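Open the model in your viewer and keep the selection tool at hand. We will go from the whole fold to a few small spots.

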Amino acid sequence: MKKTTKQNIINLFEQWSGDQLVSTELIPQSGSYREYIRIIGEEKTAMGVYNTDKKENNAFVTFSRHFKSKGLPVAEILAVDESKDIYLQDDFGDTMLFDYIQKERKGDHFPDSLILILKKTIKELVRFQIEGHEGLDYSVAYPRAAFDKQSMMWDLNYFKYYFLKLAKIPFDEQLLEDDYLRFTDYLLQAPADYFLYRDFQSRNVMLKDGEPKFIDYQGGRKGALPYDLASLLYDAKADFPEALREELLAYYLEELSHYNHIDIEGFKSHYYAFVLIRMMQAMGAFGFRGFYEKKEHFLQSIPYALRDLKEVLQHLDFSVPLPELTTALERVCDSEFLKTVGVSKENKLNVLIQSFSYRRGIQPNGFVFDCRIIDDPVGDIRFEESHMNSEFLPTFFKEETCMHAFLKSVCAVVDIAIDKSEKQLEIYFGCVGGQHRSVYAAEFMAQYIDMKYDVEVNLRHQELDNVVA
């Protein structure tokens, strides 16, 4: 984030809160172009957002204010400066439902406490779709006001060009296009006068004080009910067991039954068709990011998607014939090439990360990053009295140095290296004494890689036996 943008957000925070700034924390970017920064004052905290896409900002802010008025658990929009493409919203912390699921599950066993959280999430989904729809201004929806035929064709062609073609699955283009038109006509028979969240997956649900909070609905539009439940239950990396999917589907239908005007049987008849189009959209994304952009970790979702696709095909019972689409999907499931894609290697990539002192030197066999360009905390007058405080160094590096901008650039290099490496990758961070800057950078990188990739990470500190981050 540029200094001017950061300062603009700080100024907006101070104007809104009347509070004194204490610290800031830049949040790592995910798949979008939005940039987030946590602003911490003496009494208040907020999440600052910068996004140059004005239409997307308008959709998110408008939807947020509407949903908040309905009592839905979304962030309150605290302040907006449209001229600078920034706004402030409530801070829900850093715990994603996706991470919580991975932490709490034991293989296919989901404890009752985790299932309770998932059911709370689904209960709120129903409220978004039905109560959130009432009075919502769809004129601000971006990029489409409804999940209509054109939106559906975008998703289906995404699957065709970035998954089928790149995975070398044979098909007749004209016959598939004809099936696409019939498929979308079938989907459009489902009642669609509801709010469609569009990307309702566990990565877009935060947990705060044990309760689900919801983010990233700026792509929402008018649409049919089944799509969002499919997005949650058939998210490939979340990897829900089929029995749990059935339990949560039954719970969703029970919640729907509280609304007398809902056609439950109509929902059931179209459910798996919407599961299929959502899966095809996701597989298109895996192909684009993995096959086309060469981002290996996206390919790791494909084995899960293939397993789910086989299961879903058994449930499909279209009232219209879709022979070419069905054949293409069966070929996907049977593809010998796809069976080898994304499968973990017997020996995972081993990544060694080591901090060192330039006074002693090393004999590197990999990337070496010089942390001496970062301001040294030892030179700070507060260091002598504060260096035993575990919060001093993280605060110093985040707020008063270019450490995180430096590490962001390093992460971009490491992402490329991991995708290209097969057995071993070594990454070294050095500073004068090998005890502060290099240690902080090495530990940051170890955590970044461990959270993002399925690799073995070995962290070493040349000068330290035990390190307090």
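What radius of gyration does the protein have, and what would a compact globule with 469 residues have? The protein has 24 Å, and a compact globule would be near 23 Å, so the two agree. The radius is taken over C-alpha atoms, and the globule rule is 2.2 Å times the number of residues to the power 0.38.

This is a predicted model: local features need pLDDT of at least 70, side-chain atom pairs count only at pLDDT 80 or more, and totals for chains, interfaces and linings use all residues. Residues are numbered from 1 along each chain as its sequence is written, and side-chain values use heavy atoms, with hydrogens and water left out.

**Whole protein.** Turn on the cartoon. There are 17 helices and 13 strands (DSSP runs numbered from the N terminus: H or I of at least four residues for helices, E of at least two for strands). Along the principal axes, the C-alpha atoms fill a box of roughly 75 × 55 × 40 Å. Of the 469 residues, 52% count as buried (under 20% relative accessible area; exposed is over 50%, partly exposed in between; 1.4 Å probe, protein chains only).

**Aromatic pairs.** Rings of Phe, Tyr and Trp (its six-membered ring) pair if their centres lie within 6.5 Å; planes under 30 degrees apart are stacked, over 60 edge-to-face, the rest tilted. The count comes to 35 aromatic pairs. Select F128 and Y217: this pair is tilted, 6.4 Å centre to centre, with 40 degrees between the planes. F128 sits in helix 4 (residues 112-130), and Y217 in the loop between strand 8 (211-214) and strand 9 (221-223), 89 residues apart. F128 counts as buried because its relative accessibility is 0%. Y217 is also at 0%, so Y217 counts as buried. Now add F60, F63, F67, Y87, F195, Y197, F200 and F214: with F128 and Y217 they form one aromatic cluster.

**Charges over rings.** Here NZ of Lys or CZ of Arg is within 6 Å of the ring centre and within 35 degrees of the ring normal. Select K168 and F337: the charged end of K168 sits over the ring, 4.6 Å from its centre. Next, select R203, which lies over the face of F98 at 4.0 Å from the ring centre.

**Last stop.** Select A190, P191, Y194, A224, L225, P226, I262, D263, G266, F267 and H270, which line the largest cavity (points on a 1 Å grid over the protein atoms alone where a 1.4 Å probe fits but cannot get out; lining residues have an atom within 4 Å of a point). Helix 9 (residues 264-292) gives the largest share of this lining, 3 residues.

Key. 1 Å grid on protein atoms, 1.4 Å probe; cavity = no way out; pocket = protein on both sides within 12 Å on 5 of 7 lines; lining within 4 Å.
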